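Let us read one structure together, feature by feature. The learner asks and the teacher answers.

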Amino acid sequence: MSHVVTSGSFLTLHYRLAGPAGDIINTFADKPATLSLGTGELSPAMEQRLMGLEEGTHATFELPAGEAFGDRNPEMQQWVAKKLLAQMGDPDEKYAVGDVVQFPTPDGTGSYAGAVIESSETAVRFDFNHPLAGQPVTFEVKLIGVL
């Protein structure tokens with residue numbers, strides 16, 4: 001019996017996510033990723049593409065702009081005081097435009113990333129949108145194992 005992907009499947013796979021500027025994630029050169037469907041590790045649009053695929057499948061999907069990670073949300077761009085950044089991390093850190101900084105979630109159990117888009121004397125402006133939000137995405141996957 002061949003194993004096919006269903007909701008709740010546990011997958012071992014290689015995957016690559018790329019936007020117009022190139023790869024964001026690519027596990028093909030490294031060890032494969034393991035993840036469970038339905039836990040939010042992949043966006044719903046990407047999980048949808050995996051449903052029904054058989055173990056061993058190697059496929060590439062083109063997702064239109066905004067489908068994989070939603071549209072860019074201007075409210076996800078926020079100024080953060082340098083005082084606060086110093087408390088959270090290294091007080092001497094210089095935040096350059098394009099740097100990606102990890103922030104702890106309010107409950108402390110995870111983290112989310114913000115990219116520096118501008119900086120002033122007292123604060124740094126971060127974009128907390130996913131780097132591929134509002135962009136077309138290439139999603140390549142090779143299913144190694146499906147449980």
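## Reading the chain

For residues 8–73, UniProt lists "domain: PPIase FKBP-type", in an unreviewed entry.

Q: What kind of model is this, and what does the chain look like over residues 8–73?
A: The model is predicted. Over residues 8–73 the chain is 11% helix and 38% strand. The end C-alpha atoms of that stretch are 29 Å apart. The domain name itself comes from the UniProt record.

Q: How many helices and strands does the protein chain have?
A: Start with the inventory, then take the order. The protein chain has two helices and nine strands. Along the sequence they run β-β-β-α-β-β-α-β-β-β-β.

Q: What box do the C-alpha atoms of the protein chain fill?
A: Take the box along the principal axes. Here the C-alpha atoms fill roughly 60 × 30 × 25 Å.

Q: What share of the contacts joins residues 24 or more positions apart?
A: Look at contacts with a separation of 6 or more. In the protein chain, residues 24 or more positions apart account for 62% of them.

Q: How do I read burial and surface for the protein chain?
A: Read burial by residue and surface by area. Of the 147 residues, 33% count as buried. The accessible surface comes to about 8600 Å². Carbon and sulfur atoms hold 53% of that surface.

Q: How many positive and negative side chains are there, and how far apart are the centres of the two sets?
A: Count each sign, then compare the centres. The protein chain carries 9 positive and 19 negative side chains. The centres of the two sets lie 5 Å apart.

Q: How many salt bridges does a search of the whole structure find?
A: Look for a side-chain nitrogen of Lys or Arg within 4 Å of a carboxyl oxygen of Asp or Glu. A search of the whole structure finds five such pairs. One of them joins Glu140 and Arg16, with the closest N and O atoms 2.7 Å apart. That pair links distant parts of the chain. Glu140 is in strand β9 (residues 137–146), Arg16 is in strand β1 (residues 10–19), and the two are 124 residues apart.

Q: Are Glu140 and Arg16 buried or exposed?
A: Check each partner against the cut-off: buried means under 20% relative accessible area. Both Glu140 and Arg16 are buried.

Q: Which parts does the salt bridge between Arg49 and Glu67 tie together?
A: Get the distance, then place each partner. The closest N and O atoms of Arg49 and Glu67 are 2.9 Å apart. Arg49 lies in helix α1 (residues 44–50), and Glu67 lies in the loop between β4 (58–63) and β5 (77–81), so the pair ties together parts 18 residues apart in sequence.

Q: Why do Arg49 and Glu67 count as partly exposed?
A: The class between buried and exposed runs from 20% to 50% relative accessible area. Arg49 counts as partly exposed because its relative accessibility is 21%. Glu67 falls in that class because its value is 35%.

Q: Which residue meets Arg125 in a salt bridge?
A: Glu118 is the partner, at 2.9 Å from N to O. Arg125 is partly exposed, at 22% relative accessibility. Glu118 is partly exposed too, at 32%.

Q: Which residues are joined into one network by salt bridges that share partners?
A: Trace the shared partners. Here they join Arg16, Asp23 and Glu140 into one network.

Q: Where does Gly134 lie, and what does Gly134 touch?
A: Place the residue, then list its contacts beyond four places in sequence. Gly134 lies in the loop between β8 (123–127) and β9. Gly134 touches Ala65, Gly66, Gly70, Asp71 and Arg72. Its relative accessibility is 32%, so Gly134 counts as partly exposed.

Q: What does Ser36 touch, and where is Ser36 placed?
A: Use the same routine. Ser36 is in strand β3 (residues 33–36). Leaving out residues up to four places away, Ser36 touches Ser9, Phe10, Glu41 and Glu47. Ser36 is partly exposed, at 22% relative accessibility.

Q: How do I set sequence distance beside distance in space?
A: Pair the two numbers. Ser36 and Gly108 are 72 residues apart in sequence and 22 Å apart in space, C-alpha to C-alpha. Ala96 and Glu54 are 42 residues apart along the chain, with C-alpha atoms separated by 44 Å. Ala96 sits in the loop between α2 (82–88) and β6 (100–104).

Methods. Residues numbered from 1 in each chain as written. Predicted model: local features only at pLDDT ≥ 70, side-chain atom pairs only at ≥ 80, totals over all residues. Heavy atoms only, no water. Buried < 20%, exposed > 50% of the residue type's maximum accessible area, 1.4 Å probe, protein only. Contact = heavy atoms within 4.5 Å. Areas by Shrake-Rupley, 256 points an atom, 1.4 Å probe, with all protein chains shown as cover. Lys, Arg positive; Asp, Glu negative; His and termini not counted. Charge placed at Lys NZ, Arg CZ, Asp CG, Glu CD. UniProt positions renumbered as here; feature names shortened; annotations may be inferred.
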